[in-house]
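Here are my notes on the two-chain model you sent over. I went through them with the interface and the charged pairs in mind.

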Amino acid sequence: MSKGNRGRDRAAAKRIVEQQKAAERRRRVTIWTSVGVVAVLLIAGLIGWGVLANQEKSTDASKVNTPSVAVDDGTAFAVGTGPVTVDIYEDFMCPICHSFEDQTGPTITQMVADKKITVRYHPVSILDRASNGTQYSTRSAGAAAAAAVDGKFLEYHKVLFDNQPEENSDGLSNEKLIELGQSVGLGDTFATAVNDKTYDSWATKVTETFASRGYNGTPTIVVNGKQVEGPNNTLPTTEVFTQAVTAAAG
Amino acid sequence: MDLRQQPSRLAAAWPWISTLARLGLAAVFLIAGGLKVTDLAASARAVNAYDLMSYDTAKVIGAVQPFLEIALGLLLLIGIATRLSAAIAAVLLVIFIAGIVSAWARGLQIDCGCFSKGGELTGGRTAQYGLDILRDVGFLALAGILVWKPRSKFSVDGLLMGDR
């Protein structure tokens, strides 16, 4: 062997060792970064869980002011005394709820007067995202509960729809909600409840109940426990609704 | 000469393509998570709308998912354990696609809740499942690029491995 050859061999060996070291380093980096990634994701998941648990506390039965007049596990306000039960889940920000009210409201009023149905109104707040962070759905549902306590649910329900704000606007201010209350004869206790958000956590609870019953959209109309819809999950027409009530009455 | 140069040029381009894929996917997850994290109750309702699990389970998934998406988005943004992060993103996307397909197959009319709190979809508005799926498949392709070629520029991986 010549000297030159030996030198070349040594250089080659050195290169191999360096390559092995680099490969070893890559392996170590891959293992530890992978462990780090998994740990970060686990922690993120736990944070989500923790935040949820914390929020659950605010809808604990002990912290929610359930209006004394509420029926159906304290989630609704009943109107009428008829044998057929009609549950209406509505959000005061929802334009289709307003349409349903305009379209079928008079028929419902007539059925209540004829003692055919008992309507249970469930004010839910699923459209809080559509009021620029002012949570109009929750505030209006809470205000409706305050009106119900003072015996004016139906009247207040009507003025809320008559004055429905546009989706993705700020919604009506608390002052406006109180002013509308005054227009139907609601007084100081109502105003205090609106300003103190007395029933806002109750509205959240009603929405929870609504979701746990498997309903997603508003208005959801349920006649004697059976959801009534038009074709392709559309709003039922007054005719479809009337048929459902007639069928339920047997 | 041209023949020999083409492949090497492509090889040089891959880290840049992967970088774009990584940052794009990071943005997708950060936005998707960020939109949901502000209202976990709505996120729970969106999951519940798929009608695949009990409401109590949906609540947990709905709360955990946005945080997971944000964390994954941040990990992709800094580019750490890129291949694993991208693989996890791919798994999540496959689950999302499966969920949408199942909602579609069962004729549910729901908002997929991909980039919103979703859930409620009533009267008039129709679900656009085809578009939702197409979009998610596009994101899945980004994740695929990263699983295949995880090396990218401006990444913690590159820094630690001493690539540059």
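1. A quick word on terms before counting: helices here are DSSP runs of H or I with at least four residues, and strands are runs of E with at least two. On that basis chain B has six helices and zero strands, so its pattern along the sequence reads α-α-α-α-α-α. Keep in mind that this is a predicted model.

2. Some bulk figures for chain B. Of its 164 residues, 47% are buried. Among contacts in chain B with a separation of 6 or more, 74% link residues 24 or more positions apart. Chain B exposes about 7800 Å², with 70% of that coming from carbon and sulfur atoms.

3. On to the interface. Chain A and chain B each put 36 residues into the contact, and together they bury about 3000 Å², 65% of it on carbon and sulfur atoms. On the chain A side, A:Arg26, A:Leu41 and A:Arg129 supply 19% of the area buried against chain B, more than any other three residues.

4. The polar side of that interface comes to five residue pairs in polar contact and two salt bridges. Helices α1 (3-58) and α7 (200-212) of chain A each supply at least two residues of the side that touches chain B. The largest share of that side, 19 residues, comes from α1(A).

5. B:Lys59 is the residue I'd zoom in on. Its salt bridge with A:Glu208 has the closest N and O atoms 3.3 Å apart, and its side chain also meets that of A:Glu56 in a salt bridge (3.3 Å, N to O). The pair with A:Glu56 crosses between chains, from helix α1 of chain A to helix α3 of chain B. Which of these two partners is buried and which is partly exposed? B:Lys59 counts as buried because its relative accessibility is 8%, whereas A:Glu56, at 30%, counts as partly exposed.

6. Two charged pairs sit within chain A. A:Lys158 forms a salt bridge with A:Asp162, with 2.9 Å between the closest N and O atoms; the two are four residues apart in helix α4 (residues 153-162), so about one helical turn separates them. A:Asp162 is partly exposed at 46% relative accessibility. Stepping back to the interface, salt bridges that share partners join A:Glu56, A:Glu208, B:Asp56 and B:Lys59 into one network.

7. The other pair is A:Asp72 with A:Arg213, at 3.0 Å from N to O. A:Asp72 is in the loop between α1 and β1 (77-79) and A:Arg213 in the loop between α7 and β4 (220-223), so this salt bridge ties together parts 141 residues apart in sequence. A:Asp72 is buried at 18% relative accessibility, while A:Arg213 is partly exposed at 31%. Over all chains, the count comes to 12 salt bridges.

8. Back on chain B, there is a nonpolar surface patch made of B:Leu23, B:Leu74, B:Leu77 and B:Ile78, with about 320 Å² of accessible area together. Helix α3 (residues 55-78) gives the most to this patch, with three residues. B:Leu74 is in that helix and counts as partly exposed, at 45% relative accessibility.

9. Last one: B:Asp132, in helix α5 (residues 129-148) of chain B. B:Asp132 is buried, with a relative accessible area of 13%. Neighbours within four places in sequence aside, B:Asp132 is in contact with B:Ile100 and B:Cys112.

Note on methods. Residues are numbered from 1 along each chain as its sequence is written. Chains are lettered from A and ligands numbered from 1 in the order in which they are written. This is a predicted model: local features need pLDDT of at least 70, side-chain atom pairs count only at pLDDT 80 or more; totals for chains, interfaces and linings use all residues. Side-chain values use heavy atoms; hydrogens and water are left out. Patches are made of residues with over 30% relative accessible area and no salt bridge: like charges are joined within 9 Å, nonpolar side chains (Val, Leu, Ile, Met, Phe, Trp, Tyr) within 5 Å. Accessible areas come from the Shrake-Rupley method with a 1.4 Å probe; for residues, only the protein chains shown count as cover. A salt bridge is a side-chain nitrogen of Lys or Arg within 4 Å of a carboxyl oxygen of Asp or Glu. Buried means under 20% relative accessible area, exposed over 50%, partly exposed in between (1.4 Å probe, protein chains only). Contact means heavy atoms within 4.5 Å. Buried area is the accessible area (1.4 Å probe) that two parts lose on being put together, summed over both. A polar contact is a pair of N or O atoms within 3.5 Å; within protein, one must be able to donate a hydrogen and the other to accept it, and residues adjacent in sequence count only if both atoms are side-chain atoms.
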